[in-house]
Amino acid sequence: MASQKRLLFNAFSMNCVSHIHHGLWGRSDTRQLDYTSLTVWVDLAKALEEAKFDSLFLADVMGVYDVYKGGPETSISEAMQIPVNDPSLLIPTMAHATEHLGFAYTGSILAEHPFNFARRASTLDHLTNGRIAWNIVTSYLPSAARNLGFNDLPKHDDRYDRGDDYLSVLYKLWEASWEDDAVIRDLERGIYTNPAKVHTIDHHGPYYEVPGPHLCEPSPQRTPLLFQAGSSDRGREFAAKHAECVFILGGGRAETIADIRSRAVNHGRRAGDIKICLGVSLVIGGSEAEAQDKAKSLKRTLSLEGGLAHMSGHLGVDLGDVDPDRPISDFEFNGVLGFLKSFAALEPDKTLTFGDLAMRQLSGNWIVGSDEQIADKLQSLGEEGVDGFNLIYATTPGTFIDFIDGVAPILKFRGLMQTEYEPGPLREKIFGSSFLSDRHPGAAFRRA
């Protein structure tokens, strides 16, 4: 098969027991129970770097899924994203054990004031020598909002409006507060930084008042590489303005990709300024029959209850009280709207019901096949406009090792996966420059 553009490959995980495919944590062929062990995470990072993955992408939530059956009991008993630990604290240790692998971590704009978040991200960018990416989320769990001091979860579009103001603060802190040559380290005069080249930002926005200056000297990337995963109409607009890599799921890919890139052009960017990474769940075998047998074994240990609790939290609707034959179009949601669109796009001629959602969660939506079949499928998706993938595990590190041992060599032979890392920080490896593109709105805050 003819070679094409090099694709991006990110391992998708979370610092918890059960991430996406619930009920599998009790199997003997997974290390999900060891999520608190640094050794497990370091071993994974080393394996990913040896295979030349672009990054380890770490998801996160700031609340408990407590919608299903009116409380958090199902989520707690199923270990469904609870307990969950801070993903950012894993990164320095993994970075110390690797040299090139990038680390994308999820952080909600509701969870931390932008002034403090800016320092955390800059610190990580320093400690990793520029290998940090931030997955921007606006949160969707009401329990997270209540625990963070909000009376209730802000309305869907209002959360993105707050996100725009949040990013304005960050761009000013990261890009404008310290000039490139502010740090002089003059040993003779005892001057580390020239104070004339460190500036307040004096931000006065609809949500935040931040005088500055930024507490950190410029890190290797200044602004970390920016991921975003919103696929609702407002989420796409936010992604088109701010994101450099967009994480998408489900169907309707062509329309989603075209829409985001068109909106990016409206913001003065180019279509190629955004890389689209598709989330894929893979079950891989040495043969198709072996892969199908593995999928059957996995499905026998999937938990429908865990899946329903997860989906109820996503939607903000208790699926335990909803008629499974009821169309989802009957509801007004304040949850993850793009999540619904991606499911609906898989079967555009069908009226999507809540029962359909439950069955999709149970089945796992896996791509099942031999090494060659999986490579063919990923290549085909790349030809449809996808720039890369977030690989979702069924078991860890088993799913990733299956990919590394069987699929990655085929992709590398076809020129679809890198065989060596480019030098420099994470953004330079992907886009050819360590810093935000001049066309990115964040670059407008730079000082001449």
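**Exercise 1. Work out how far helix 1 reaches in this predicted model, and compare its span with the expected one.**

Solution. Begin with the extent of helix 1, which covers residues 38-50 and therefore has 13 residues. The expected span is 1.5 Å times one less than the number of residues, and for helix 1 the expectation is 18 Å. The helix in this predicted model reaches 18 Å from its first C-alpha to its last, which is close to that expectation. Next, look at the two ends. At the start, a side-chain oxygen of S37 comes to within 3.3 Å of the backbone nitrogen of T39, while just after the helix K52 takes a positive phi of about 75 degrees.

**Exercise 2. Find which residues of helix 1 are buried, and what they pack against.**

Solution. A residue is called buried when its relative accessible area is under 20%. In helix 1, V40, W41, V42, L44, A45, L48 and E49 are buried. The second step is to look for their partners: the buried residues of helix 1 pack against strand 1 (8-14), strand 2 (55-59) and strand 3 (102-108), and also against helix 3 (91-96) and helix 14 (398-413).

**Exercise 3. Describe how strand 3 is covered and how it is joined to strand 2 and strand 4.**

Solution. Start with the covering, where 7 of the 7 residues of strand 3 are buried. Then sort these residues by direction: G102, A104, T106 and S108 point one way, whereas F103, Y105 and G107 point the other way, and all are buried. In a regular strand the side chains alternate between the two faces of the sheet. Finally, follow the pairing. Strand 2 and strand 3 run parallel and are joined by 4 bridges, with Y105 of strand 3 as the bridge partner of L58. Strand 3 and strand 4 (residues 132-137) also run parallel, joined by 6 bridges, and here F103 stands opposite I132 of strand 4.

**Exercise 4. Identify the residues that touch the most other members of the largest nonpolar core, and trace the contacts of F53.**

Solution. The largest nonpolar core has 75 residues, and F53, L56, W134, L378, F389 and F403 touch the most other members. Helix 6 (residues 156-176) contributes the largest share of this core, with 8 residues. Now take F53 by itself: leaving out residues up to four places away in sequence, F53 touches F9, N10, A11, L48, L101, L391, F403, I404, M417, Q418 and Y421. Apart from this core lies another, of 30 residues, among them F12, M14, Y65 and A144.

Terms used: Residues are numbered from 1 along each chain as its sequence is written. This is a predicted model: local features need pLDDT of at least 70, side-chain atom pairs count only at pLDDT 80 or more; totals for chains, interfaces and linings use all residues. Side-chain values use heavy atoms; hydrogens and water are left out. Helices (H or I, at least four residues) and strands (E, at least two) are DSSP runs, numbered from the N terminus. Buried means under 20% relative accessible area, exposed over 50%, partly exposed in between (1.4 Å probe, protein chains only). Contact means heavy atoms within 4.5 Å. A polar contact is a pair of N or O atoms within 3.5 Å; within protein, one must be able to donate a hydrogen and the other to accept it, and residues adjacent in sequence count only if both atoms are side-chain atoms. A nonpolar core is a set of buried Ala, Val, Leu, Ile, Met, Phe, Trp, Tyr and Cys residues joined through side-chain atoms within 4.5 Å. Two strands pair if DSSP finds at least two bridges between them.
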